[in-house]
Amino acid sequence: MAQRGRKPTPPSEKRRRGTAQPSRDIAVVLDVANSDSIGEKVEIPDGIPTAAEIIWKDYAPAAEKIGTLRACDAMSFAQWCVMTAHLQAAWSMRGDSGEDASVPIPSSYIQQWRTLGEMFGLVGLKSRVVSGGKPKGDENGGGRPSANPFARNGKR
């Protein structure tokens, strides 16, 4: 639903006039794609457990190589490493007969671990999805999507 009244002034116009208030212009996007920290080796933060350090040394080179791990993401990646170490420890607490000797792991903890891993491109299907292929279009190969939103029905 549209707001009443006149349209808001764009932040670029406010900056030009000198009336910009950064606290009100919350739609400003930080450009990290052109950051100078891309390609740098990210250091392990102090204070993480040794099990998490081992995981860091295993997974950090892959995340740096694909460009998802930067210096500004070090603490989030360290959190993922700590969560991975906790999950590995919990999953290894199984008895010899195969029964689970530990307390069940909350699904919210596993979901947070997966979300952080997907953010760094390390786990889950979403991290391996690559866009490409033929553009979606009509059946005639025109390259233009059909105007009918129900055109795909019956062709599954």
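These are my notebook entries on a predicted model of one protein.

**Entry 1. Overall fold.** I began with the secondary structure and found four helices and zero strands. Read along the sequence, the order is α-α-α-α. I then looked up burial: of the 156 residues in the protein, 21% are buried. For contacts with a separation of 6 or more, I noted that 50% join residues 24 or more positions apart. The exposed surface comes to about 12,600 Å², and carbon and sulfur atoms supply 54% of that area.

**Entry 2. The nonpolar core.** Which residues of the largest nonpolar core touch the most other members? The core has 22 residues, and I listed W56, L69, F77, W80, C81, W113 and L122 as those with the most such neighbours. I next asked which helices feed this core, and α2 (50-66), α3 and α4 each supply at least two residues. The most comes from α3, which gives nine residues.

**Entry 3. Helix α4.** I checked the length of α4, which covers residues 107-119 and so has 13 residues by its numbering. Its first and last C-alpha atoms are 18 Å apart, close to the 18 Å expected at 1.5 Å a residue. I recorded its buried residues as W113, L116, G117 and E118. Part of the cover over these buried residues is α3 (74-91). After the helix comes G121, and I noted a positive phi for this glycine, near 75°.

**Entry 4. T84.** I picked T84, a residue of helix α3, and asked whether it is buried or exposed. T84 has a relative accessible area of 6%, so it counts as buried, the limit being under 20%. I then looked for what its side chain meets. A polar atom of that side chain lies 2.7 Å from the backbone oxygen of W80. W80 sits four places before T84 in the numbering, and I kept in mind the general rule for helices. In an α-helix there are 3.6 residues a turn, so residues three or four places apart point the same way. Leaving out residues up to four places away in sequence, T84 touches I55 and W113. W113 had already come up among the buried residues of α4 and in the list of well-connected core members.

**Entry 5. Cysteines.** I searched the whole structure for disulfides and found zero. I also compared two cysteines for burial. C72 is exposed because its relative accessibility, 57%, is over 50%. C81 is at 0% and therefore buried. C81 is also one of the core residues listed in Entry 2.

Notes
Residues are numbered from 1 along each chain as its sequence is written. This is a predicted model: local features need pLDDT of at least 70, side-chain atom pairs count only at pLDDT 80 or more; totals for chains, interfaces and linings use all residues. Side-chain values use heavy atoms; hydrogens and water are left out. The expected span of a helix is 1.5 Å times one less than its number of residues. Buried means under 20% relative accessible area, exposed over 50%, partly exposed in between (1.4 Å probe, protein chains only). Contact means heavy atoms within 4.5 Å. A polar contact is a pair of N or O atoms within 3.5 Å; within protein, one must be able to donate a hydrogen and the other to accept it, and residues adjacent in sequence count only if both atoms are side-chain atoms. A nonpolar core is a set of buried Ala, Val, Leu, Ile, Met, Phe, Trp, Tyr and Cys residues joined through side-chain atoms within 4.5 Å. A disulfide is a pair of cysteine sulfur atoms within 2.5 Å. Accessible areas come from the Shrake-Rupley method with a 1.4 Å probe; for residues, only the protein chains shown count as cover.
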